[in-house]
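Good morning, and thank you for the time on the agenda. Please bring up the structure on your screens before I begin.

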Amino acid sequence: LSDCCEFWRSAMGIKGLQGFVARVCPDACRTVDLREMAEKHRIDHPDSPPVIVVDAMSCVKHWYTPESWVCGGQWREYLAILEDFIKAFMAAGIKLVFYFDGVVEEKKRDEWIKRRFQNNKEIARIFQFIKTHRKQPGREMFTIPSALPTFTRFALKSLGQQTVCTLQEADFEVAAYGLQHNCMGILGQDSDYLIYNTCPYFSIEKLCLDRLVTVMYSRERLCHALGLSLTHLPLFASLLGNDVVPESLLEGFWQKCLVTSPCRNNGYNRRTSILLAVANYISKLPCSYSSLKHLEEMLPLGSDKTLLYRGVESYILPGQHSPWILPNLTNCQMFPLQQQTDMCQDKEIFQVPLVSPLLKHQVGQIMGSRSCVGLYFVASASDLLQTSSSCWCSGCCSQMYLHPDGWFMVNMPGQCCDSAFQQQPVDLVFLIGADCIHFLGEKLLQSKKCGKVTQSQLGKEKELSYVVHLIIKLKVWVLSCLHSLFEEGRYLAKEQHVRSENYTIFNILSNGEIKCSNSLEDECDREIPGQALIYRPARQHIYSILLEPGKDGDYPLVKEWFVYFGNPLREPELVQAVQPFIPGGTPSLKTLWFAKGPDVEKQRYRTFLACFHLQDEMEELQALEAPVAAFCCLLAYLMIQVSSLSLEDLNAFVALILCLKGKSAAQLEGLQLAQVDSRAVHLGAVIVRGLTTLLMANSACGFPFKMDDLMPWEVFDGKLFQEKYQRSHQGCSMEELLEGNVS
């Protein structure tokens with residue numbers, strides 16, 4: 001899902017904090033030699049090799065150093081750059097673990113939308129510059145090529161690196177991994193890492209790769225300069241405004257701090273003065289939950305008073321405690337999420353329970369209550385859990401969470417006192433409606449097997465024992481059904497989605513939602529629709545392959561958050577799945593993902609082609625090399641969907657794919673363009689986004705293609721496409737365009 005996050009973290013962490021540290025607290029910035037630190041780590045920790053956990057999303061713009069960036073991406077150059085990066089650390093004996101954002105969390109959607117519109121303005125300025133000057137803007141207007149994080153993940157995998165696609169935004173899980181695995185440090189560019197109490201934070205921006213020297217930021221020295229302790233930092237960050245607490249709610253509080261600050265007349269700019277004033281204010285507060293509650297009352301009337309609490313909580317890592325948060329609530333959601341993510345490392349990226357909306361409905365029927373919503377992942381419930389109350393069952397090491405919409409129960413596998421439940425292979429989270437709870441509660445009170453816990457939120461009517469045990473007692477057969485469903489889903493997730501590393505499929509199956517951020521598209525060129533609209537018919541066919549229709553024959557609607565001109569992003573677009581035309585009908589997901597044999601391979605290939613309305617061209621496409629066949633599939637689909645594409649456009653695309661094969665990264669780097677055409681820039685972005693649609697279809701259909709054959713470094717180069725496009729529109733013959741590649 002990194003596509004949706006690629007522009008998301010362009011302004012990461014606490015606004016102004018990174019610059020504040022450099023200007024006002026220079027002692028907190030220390031130049032370090034990573035080779036020396038690795039050697040020291042080996043001496044101090046002989047059983048633990050030096051590991052740096054990399055926040056990849058904050059690094060991609062620093063990794064992408066090819067001169068050309070507007071034309072769609074210099075992918076072979078980029079792949080070589082990543083390889084050099086990895087080799088530099090390997091030579092020093094340092095292992096790298098790369099983390100990628102897998103989601104944009106619901107609580108941060110407003111900020112996500114705000115940044116999308118800001119990115120739209122930046123992209124509009126880029127196109128205006130290109131049209132005016134017929135060349136690429138300077139690096140000061142740089143924006144990463146479309147889908148760069150998604151293909152970076154594939155590139156790192158192809159280079160043998162360990163990657164993690166997170167189940168929440170990456171910074172928390174990066175910090176948690178660094179702490180739990182005694183890592184040498186975190187490499188990134190996000191001032192939130194100055195707030196987490198975790199391993200050292202290294203700057204990717206200041207990294208000198210050939211010498212492995214960079215800047216390390218010291219939390220302790222920052223605290224000394226501010227007159228704070230490490231305990232204060234989560235509250236400090238939240239009161240400055242972060243991804244949880246919007247700055248708009250804090251203006252009044254900042255003004256109060258500025259009035260009483262001793263630093264108000266020292267000539268600092270306003271943001272620096274605010275940082276110092278907030279630090280001064282909270283340094284005088286007792287470190288307690290009551291102090292936090294007092295601060296919440298200072299927020300504007302009508303605002304969500306829980307935001308400050310949640311902002312502080314978002315920085316508390318597994319195993320840590322904070323005086324600002326009640327002990328029994330600290331990290332109630334953190335452990336399950338981290339455990340789920342740990343399962344996703346490297347070859348385990350998607351080894352998590354996978355339940356379709358249909359299965360949720362079926363489980364709800366099994367549970368015997370109309371209000372029983374079904375089964376959810378711990379990760380998908382994270383926002384609810386953050387505002388939940390919790391209590392421990394005295395009979396087993398499991399925890400229950402209460403939310404106004406119902407009950408969440410989290411079982412910690414292998415720790416439950418009931419042996420029947422230990423058979424469950426995964427973390428289970430149940431959401432049971434209130435009427436079902438009351439019914440079960442009547443029966444449960446008759447049980448003496450496990451301890452009682454008081455739930456005042458249900459009107460203080462009942463004392464309920466652990467509901468999971470009731471289910472085991474009254475409906476043991478439910479467990480066998482759940483076991484079967486989850487075993488199949490687990491296998492699907494592990495054996496299929498891991499190979500694609502395509503979190504989009506996971507999100508569609510689990511949440512019925514998909515997001516995609518900005519692309520380098522010219523909003524003034526109305527002859528070329530936005531890529532979101534171009535590929536929607538293909539996505540609708542993919543949805544029909546992944547999802548099951550209900551009893552009425554209707555498919556669940558998929559929520560799309562796609563950025564394109566004219567979409568206000570006030571709410572998701574609800575998109576209906578549409579079955580592709582396949583003689584004999586669409587094969588089941590079980591057939592596509594599990595069945596074997598030559599007939600099934602043909603079904604996978606035909607179903608993939610049907611997503612792009614090309615099922616009748618199967619024999620011709622199968623005769624081509626796989627990368628060429630996939631590209632031709634995409635090209636044929638585009639020619640159908642975009643009526644403004646011309647014969648000259650088609651010739652340029654064909655020349656691109658046929659001439660690219662024999663060119664090295666060095667040859668492509670040496671290619672010089674006399675000018676840059678804005679329409680070709682737009683088409684380049686459309687093509688690259690099309691490749692991600694191929695990835696989605698390939699994953700849904702059981703991998704008729706190897707994923708490596710769909711990578712941009714196999715089929716696309718921005719500068720080469722610009723050259724072919726311009727020469728084709730100048731009237732160059734096909735023979736000249738092909739450079740002798742006529743096979």
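I shall speak about salt bridges, one helix, some backbone angles and a charged patch.

A word of caution at the outset: this is a predicted model.

Let me begin with the salt bridges. A search of the whole structure finds 19 of them, and I shall discuss a few. Our starting example is local. E39 pairs with R42, and their closest N and O atoms are 3.3 Å apart. The two residues stand three apart in helix 3, residues 34-44, which means that about one helical turn separates them. E39 has a relative accessibility of 40% and therefore counts as partly exposed. R42 is also partly exposed, because its relative accessible area is 30%.

The next example joins D522 to K131 through their side chains, with an N to O distance of 2.7 Å. This pair links distant parts of the chain, 391 residues apart: D522 sits in the loop between strand 15 (513-516) and helix 22 (531-534), while K131 belongs to helix 6, residues 109-133. Are the two partners buried or exposed to some degree? D522 has a relative accessible area of 8%, so it is classed as buried. K131, with 38%, is partly exposed.

A further pair is E560 with R536, whose side chains meet in a salt bridge at 3.1 Å, N to O. Here too, distant parts of the chain are linked: E560 lies in strand 16, residues 558-562, and R536 in helix 23, residues 536-546, with their positions 24 residues apart in numbering. Both E560 and R536 are buried. In addition, R109, E513, K515 and K559 are joined into one network by salt bridges that share partners.

I turn now to helix 5. Does its length agree or disagree with the expected span? The helix covers residues 75-91, which is 17 residues, and at 1.5 Å a residue it should span 24 Å; the end C-alpha atoms are 24 Å apart, so the two values agree. Its buried residues are W75, R76, E77, Y78, L82, F85, I86, A88 and F89. Just after this helix comes G93, where phi is positive, at about 75°.

That glycine brings me to positive phi values in residues of other types. One of these is H613, with phi near 65°. H613 is placed in the loop between helix 25 and helix 26, and its relative accessible area of 36% is why it is described as partly exposed. Another is E739, which is not a glycine either and has a positive phi of about 55°. E739 is found in the segment after helix 33 (734-738). With a relative accessibility of 38%, E739 therefore counts as partly exposed.

Finally, the surface charge. Which residues form the negative surface patch? They are D616, E617, E619 and E620. D616 lies in the loop between helix 25 (598-610) and helix 26 (618-622), the loop that also holds H613. At 66% relative accessibility, D616 is over the 50% cut-off and so counts as exposed.

To close, I would leave two items on your screens: the link between D522 and K131, which are 391 residues apart, and the negative patch that includes D616. Thank you for your attention.

Technical notes. Residues are numbered from 1 along each chain as its sequence is written. This is a predicted model: local features need pLDDT of at least 70, side-chain atom pairs count only at pLDDT 80 or more; totals for chains, interfaces and linings use all residues. Side-chain values use heavy atoms; hydrogens and water are left out. Patches are made of residues with over 30% relative accessible area and no salt bridge: like charges are joined within 9 Å, nonpolar side chains (Val, Leu, Ile, Met, Phe, Trp, Tyr) within 5 Å. Accessible areas come from the Shrake-Rupley method with a 1.4 Å probe; for residues, only the protein chains shown count as cover. A salt bridge is a side-chain nitrogen of Lys or Arg within 4 Å of a carboxyl oxygen of Asp or Glu. Lys and Arg count as positive and Asp and Glu as negative; His and the chain ends are not counted. The place of a charge is taken as NZ of Lys, CZ of Arg, CG of Asp or CD of Glu. Helices (H or I, at least four residues) and strands (E, at least two) are DSSP runs, numbered from the N terminus. Buried means under 20% relative accessible area, exposed over 50%, partly exposed in between (1.4 Å probe, protein chains only). The expected span of a helix is 1.5 Å times one less than its number of residues.
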